[in-house]
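Hi,

Here is the structure I promised to pass on. Have a look at it first, and then read on for what turned up.

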Amino acid sequence: MGFKFGRTKDFKLPSKIQSGNKHFELSLPKTGHTLELFRDIILDDEYQLNSLPVDKIHNILDIGANIGLFDIAARVRFPNARIH
């Protein structure tokens, strides 16, 4: 994803993320809560997106109940899907 993760204690939120050949700038609140959510959703795959087949997911609907980290995780896992 274009950033290094060594261990939880030293981890800082990245300012950008890579999906395929594309780079995306991130603008996330700089709080401990955001850091924890980023680790859970992006790094630990809390929504188990990696268990879904990439070639069968074409559309994704996000109802927007948080700060957009699900959308980032979905974009990384499904680079060709349309996210609404």
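Let me start close to the N terminus: Lys4 sits in the segment that precedes strand E1 (16-19). With a relative accessible area of 80%, Lys4 is exposed. Its C-alpha lies 16 Å from that of Glu25, and the two residues are 21 apart in sequence. Bear in mind throughout that this is a predicted model.

Now the overall picture. The protein chain has two helices and four strands, and from the N terminus the order is β-β-α-β-α-β. How does the radius of gyration compare with the globule rule for 84 residues? The radius is 13 Å, close to the 12 Å that the rule gives, so the chain is as compact as a globular protein of that length. Along the principal axes, the C-alpha atoms fill a box of roughly 35 × 30 × 25 Å. Buried residues account for 27% of the 84 in the chain. As for how the chain comes back on itself in contacts, take those between residues at least 6 apart in sequence: 50% of them join residues at least 24 apart.

On to the inside. In soluble globular proteins, nonpolar side chains tend to be buried together. Here the largest nonpolar core has 18 residues, and the members that touch the most others are Leu26, Leu28, Phe38, Ile41, Ile42, Leu69 and Ile72. Helices H1 (32-43) and H2 (69-77) each supply at least two residues of this core, with the largest share, five residues, coming from H1.

Leu28 is a good one to click on. Setting aside residues up to four places away in sequence, Leu28 touches Leu13, Thr34, Phe38, Ile67 and Leu69. Two of those partners, Phe38 and Leu69, are also on the list of core members with the most contacts to other members.

Just along from there is Lys30, in the loop between strand E2 (22-25) and H1. Is Lys30 buried or exposed? Its relative accessible area is 65%, so Lys30 counts as exposed. The C-alpha atoms of Lys30 and Leu13 are 7.7 Å apart, with their positions 17 residues apart along the chain.

H2 is worth a look of its own. Which of its residues are buried? They are Leu69, Ile72, Ala73 and Ala74. The cover over these buried residues includes E1, H1, strand E3 (59-60) and strand E4 (82-83).

The loop between H1 and E3 gave me several things to report. Leu49 is in this loop, and its relative accessible area of 7% is under the 20% cut-off, so Leu49 is buried. What does Leu49 contact beyond its neighbours within four places in sequence? The list is Phe70, Ala73, Ala74, Arg77 and Phe78. Ala73 and Ala74 in that list are among the buried residues of H2. From Leu49 to Val76 the C-alpha distance is 9.7 Å, at a sequence separation of 27 residues.

Two other residues in the loop caught my eye for their backbone. Asp45, found between H1 and E3, has a phi near 55°, which is positive although the residue is not glycine. Gln48 is in that loop too, and its phi is likewise near 55°, again a positive value in a residue other than glycine. Their surroundings are another matter: Asp45 counts as buried at 17% relative accessibility, whereas Gln48 is exposed, with a relative accessible area of 52%. Both values can be set against the cut-offs: buried means under 20%, exposed over 50%.

Last, the largest pocket. Its volume is about 180 Å³. Which of the 13 lining residues lie nearest the centre of the pocket? Those are Tyr47, Asp62, Ala65, Asn66 and Phe70. Phe70 is also one of the contacts of Leu49. H1 and H2 each give at least two residues to the lining. Sorted by class, the lining has eight nonpolar, three polar and two charged residues.

Over to you, and happy browsing.

Methods. Residues are numbered from 1 along each chain as its sequence is written. This is a predicted model: local features need pLDDT of at least 70, side-chain atom pairs count only at pLDDT 80 or more; totals for chains, interfaces and linings use all residues. Side-chain values use heavy atoms; hydrogens and water are left out. Buried means under 20% relative accessible area, exposed over 50%, partly exposed in between (1.4 Å probe, protein chains only). A nonpolar core is a set of buried Ala, Val, Leu, Ile, Met, Phe, Trp, Tyr and Cys residues joined through side-chain atoms within 4.5 Å. Contact means heavy atoms within 4.5 Å. On a 1 Å grid over the protein atoms alone, a cavity is a set of points where a 1.4 Å probe fits but cannot get out, and a pocket is an open set with protein on both sides within 12 Å along at least five of seven lines; lining residues have an atom within 4 Å of a point. Grid points are joined across faces, edges and corners, and a volume is the space filled by probe spheres set on the points. Ala, Val, Leu, Ile, Met, Phe, Trp, Tyr, Cys and Pro count as nonpolar, Asp, Glu, Lys and Arg as charged, and the others, Gly among them, as polar. The radius of gyration is taken over C-alpha atoms; the globule rule is 2.2 Å times the number of residues to the power 0.38.
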